[in-house]
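I opened my notebook to work through one protein model. My plan is to start with the overall fold and then go on to the pockets and one residue.

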Amino acid sequence: MNTLPGPRLAIDRRMCVAANRWGTRRAVGVFFGIISRLGDGVFWYSLMAALALIDGRRGLLAAAQMAVTGLTALFLYRLLKRWTRRPRPFRACPGVIAHVPPLDEFSFPSGHTLQAVSFTVVALAWYPLLAPLLLTFTTLVGASRVILGLHYPSDVIAATAIGGALGALSLWLLPLRALMG
C-alpha cells in the first residue's frame with residue numbers, strides 16, 4: 001500500500017504531510033523527538049516511582065493501578081497493530097519522512113498516545129492537581145507522533161479514544177474508594 005485510499009482519508013494524509021513538514025525545523029524536530037522519547041515510558045515510570053515514594057501507600061496504589069492499566073494498553077495496542085497492519089505514514093505517504101526510528105512496524109493505533117491517555121486518566125483520578133502537567137504532556141506526545149512522521153492524525157485520535165476508555169474502565173473496575181478502603 002503506497003498511499004491512503006479514498007477521499008475521506010485525504011484530510012488525514014494532508015494533515016500528516018503538513019505536520020511532518022513542520023517537524024523538519026531543527027528545534028521542532030529535536031523538541032518533539034525528546035517528548036516522544038519521554039513518552040516511550042521514561043516519563044510515566046518516573047511519575048509512578050515518584051508517586052510511590054512521595055505519597056506512601058496511596059501513591060503506591062495509584063502507581064499500581066497505572067501499571068496494570070499500562071500493561072493492558074500495551075497488550076491491546078499490539079493486538080490492534082497486528083490486526084490492522086496499517087503502514088506508517090513515512091512508508092505510505094510521499095513527502096513524509098520519519099524524523100526518529102519507529103519502535104515497531106505498523107501505525108494504527110499510536111501506542112504512545114494510547115498509553116499516555118490511559119495513564120493520564122488514571123493518574124488524574126488519584127491526583128487531579130497534576131492536570132496541567134499531564135494534559136500538556138499527553139497532548140504533546142500525541143502531536144509528536146504525527147510531527148515525527150510515525151502516525152496519521154487518525155491513529156492518534158483513535159488511540160485517544162481507546163486510551164480514555166481503557167483508563168475509565170480501569171477506574172470503574174477498581175474504584176478508588178475500594179482501593180483505599
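What radius of gyration does the protein have, and what would a compact globule with 181 residues have? I looked this up at the start. The protein has 17 Å, and a compact globule with 181 residues would have a value near 16 Å, so the two agree. I note here that the model is predicted.

**Entry: overall fold**

I went through the secondary structure and found eight helices and zero strands. Read along the sequence, the pattern is α-α-α-α-α-α-α-α. I then looked up the extent of the C-alpha trace, which spans about 55 × 35 × 20 Å along its principal axes.

**Entry: burial, surface and contacts**

I looked up burial next: 45% of the 181 residues count as buried. The accessible surface comes to about 9500 Å², and 70% of this surface belongs to carbon and sulfur atoms. For contacts with a separation of 6 or more, I found that 80% are between residues 24 or more positions apart.

**Entry: largest pocket**

I looked up the volume of the largest pocket, which is about 360 Å³. Its lining has 21 residues, and Asp40, Tyr45, Leu74, Tyr77 and Gln115 lie nearest the centre. Helix 2 (26-54), helix 3 (56-84) and helix 5 (111-126) each supply at least two residues of this lining. I sorted the lining residues by class and got nine nonpolar, seven polar and five charged.

**Entry: second largest pocket**

The second largest pocket has a volume of about 160 Å³. I read through its lining, which includes Thr113, Val117, Leu135, Gly142 and Thr160. Which helix gives the largest share of this lining? I found that helix 5 does, with five residues. Helix 5, helix 6 (131-147) and helix 7 (153-173) each supply at least two residues. By class, I noted five nonpolar, six polar and no charged residues in this lining.

**Entry: alanine 19**

I picked out alanine 19, which lies in helix 1 (residues 10-22). Is alanine 19 buried or exposed? Its relative accessibility is 19%, and the cut-off for buried is under 20%, so alanine 19 counts as buried. Leaving out residues up to four places away in sequence, I found that alanine 19 touches Val146 and Ile147. I also looked up its distance to glycine 111: the two are 92 residues apart in sequence and 19 Å apart in space, C-alpha to C-alpha.

Methods. Residues numbered from 1 in each chain as written. Predicted model: local features only at pLDDT ≥ 70, side-chain atom pairs only at ≥ 80, totals over all residues. Heavy atoms only, no water. Helix = DSSP H or I, 4+ residues; strand = E, 2+ residues; numbered from the N terminus. Buried < 20%, exposed > 50% of the residue type's maximum accessible area, 1.4 Å probe, protein only. Contact = heavy atoms within 4.5 Å. 1 Å grid on protein atoms, 1.4 Å probe; cavity = no way out; pocket = protein on both sides within 12 Å on 5 of 7 lines; lining within 4 Å. Points joined across faces, edges and corners; volume = space filled by probe spheres on them. Nonpolar A, V, L, I, M, F, W, Y, C, P; charged D, E, K, R; others polar. Rg over C-alpha atoms; globule rule 2.2 N^0.38 Å. Areas by Shrake-Rupley, 256 points an atom, 1.4 Å probe, with all protein chains shown as cover.
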